[in-house]
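Me: I've got a model open on my screen and I'd like to talk it through. Can you take my questions one at a time?

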Amino acid sequence: MTVRPIPTRRKYRNVPTIGPDGTRFASKAEAARDAELQMLAKGGLISELVRQPKFPLVVNGVKVGTYIADWQYRERIGLKATMSVVEDKKGVRTRAFDLKWKLAQALYPSINSWRIS
């Protein structure tokens with residue numbers, strides 16, 4: 001008799017997904033958004049696309065944590081002008097996420113746009 005592990009439900013019901021290039025994503029929605037961003041990058045509408053950028057959260061010389069976004073990129077807003085964008089794909093927003101999100105915004109004012117999709 002073979003014993004099989006009981007499948008467990010994920011806390012937020014996300015389904016981890018592997019993208020076409022072998023990248024692991026936390027959810028199908030995140031994988032789909034990454035595909036959109038890759039297309040925008042190929043079309044020249046965004047540049048410098050980075051997955052999972054890390055932002056150390058340092059207050060008064062003390063590291064209190066790290067915020068890891070889903071993407072960071074430069075978005076074209078004119079013929080030559082661009083703006084820096086940090087984006088996160090969230091199905092469920094938690095208190096911990098909201099706190100890190102607000103702290104990162106306060107510590108990194110050079111980022112022009114913070115987006116939750």
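**Walking through the model**

Me: Let's start with R33. Which helix is R33 in?

Reply: Bear in mind that this is a predicted model. R33 is found in helix α1.

Me: Is R33 buried or exposed?

Reply: The cut-off for buried is under 20% relative accessible area. R33 has a relative accessible area of 17%, so R33 is buried.

Me: And which side chain does the side chain of R33 make a polar contact with?

Reply: Leaving aside neighbours within four places in sequence, R33 is in contact with several residues, including W71, Y73 and K89. The polar contact, at 2.6 Å, is with the side chain of E87.

Me: How far apart are the end C-alpha atoms of helix α1?

Reply: Helix α1 takes in residues 28–42, which makes 15 residues. At 1.5 Å a residue they should span 21 Å. The distance in the model agrees with that: 21 Å.

Me: What arc do the buried residues of α1 cover around the axis?

Reply: The buried residues in question are E30, A31, R33, D34 and L37. They sit on the same side of α1, because the arc they cover around the axis is only 160°.

Me: Which exposed residues are on the face of α1 turned away from its buried side?

Reply: The buried side of α1 packs against strands, among them β3 (46–51), β6 (71–76) and β7 (82–88). Turned away from that buried side is a face with three exposed residues: K28, M39 and K42.

Me: Which residue with a positive phi follows α1?

Reply: Look just past the helix for a phi near 85°. The residue there is G44.

Me: Now the strands. How many bridges join β4 to β5?

Reply: Strand β4 is residues 54–59 and strand β5 is residues 62–68, and the two run antiparallel. One of the pairings puts K54 opposite its bridge partner I68 in β5. The number of bridges joining the two strands is six.

Me: In the hairpin of β4 and β5, which residue takes a positive phi?

Reply: The hairpin has two residues between the strands. The residue you want lies in the loop between β4 and β5, and its phi is near 50°, a positive value in a residue other than glycine. It is exposed as well, with a relative accessible area of 78%, and its name is N60.

Me: E48 has a positive phi too. Is E48 buried or exposed?

Reply: E48 sits in strand β3, and its phi is near 55°. The bar for exposed is over 50% relative accessible area. E48 comes in at 58%, so it counts as exposed.

Me: On to the inside of the protein. Which element gives the largest share of the largest nonpolar core?

Reply: That core has ten residues, including F55, L57, Y67, A69 and V86. The elements that give two or more residues to this core are β4 and α2 (95–107). The largest share, three residues, comes from α2.

Me: Which residues are among the six of the other core?

Reply: Apart from the ten-residue core lies another one. As general background, nonpolar side chains tend to be buried together in soluble globular proteins. Among the six residues of this second core are L37, I46, W71 and M83.

Me: Back to α2. What arc do the buried residues of α2 cover around the axis?

Reply: α2 has 13 residues and reaches 18 Å from its first C-alpha to its last, close to the 18 Å expected. The buried residues of α2 are F97, W101 and A104. They are on the same side of α2, because they cover an arc of only 70°.

Me: Which strands are included in what covers the buried residues of α2?

Reply: On the other side of α2, residues such as R95, L99 and K102 are exposed. The cover over the buried residues includes β4, β5, β7 and β8 (113–116).

Me: Last one, for the whole protein: what percentage of the residues count as buried?

Reply: The protein has two helices and eight strands, in the order β-β-α-β-β-β-β-β-α-β from the N terminus on. Its length is 117 residues, and the part that counts as buried is 27%.

Definitions and conventions: Residues are numbered from 1 along each chain as its sequence is written. This is a predicted model: local features need pLDDT of at least 70, side-chain atom pairs count only at pLDDT 80 or more; totals for chains, interfaces and linings use all residues. Side-chain values use heavy atoms; hydrogens and water are left out. Helices (H or I, at least four residues) and strands (E, at least two) are DSSP runs, numbered from the N terminus. The expected span of a helix is 1.5 Å times one less than its number of residues. Buried means under 20% relative accessible area, exposed over 50%, partly exposed in between (1.4 Å probe, protein chains only). The arc is that of the directions from the helix axis to the C-beta atoms. Contact means heavy atoms within 4.5 Å. Two strands pair if DSSP finds at least two bridges between them. A polar contact is a pair of N or O atoms within 3.5 Å; within protein, one must be able to donate a hydrogen and the other to accept it, and residues adjacent in sequence count only if both atoms are side-chain atoms. A nonpolar core is a set of buried Ala, Val, Leu, Ile, Met, Phe, Trp, Tyr and Cys residues joined through side-chain atoms within 4.5 Å.
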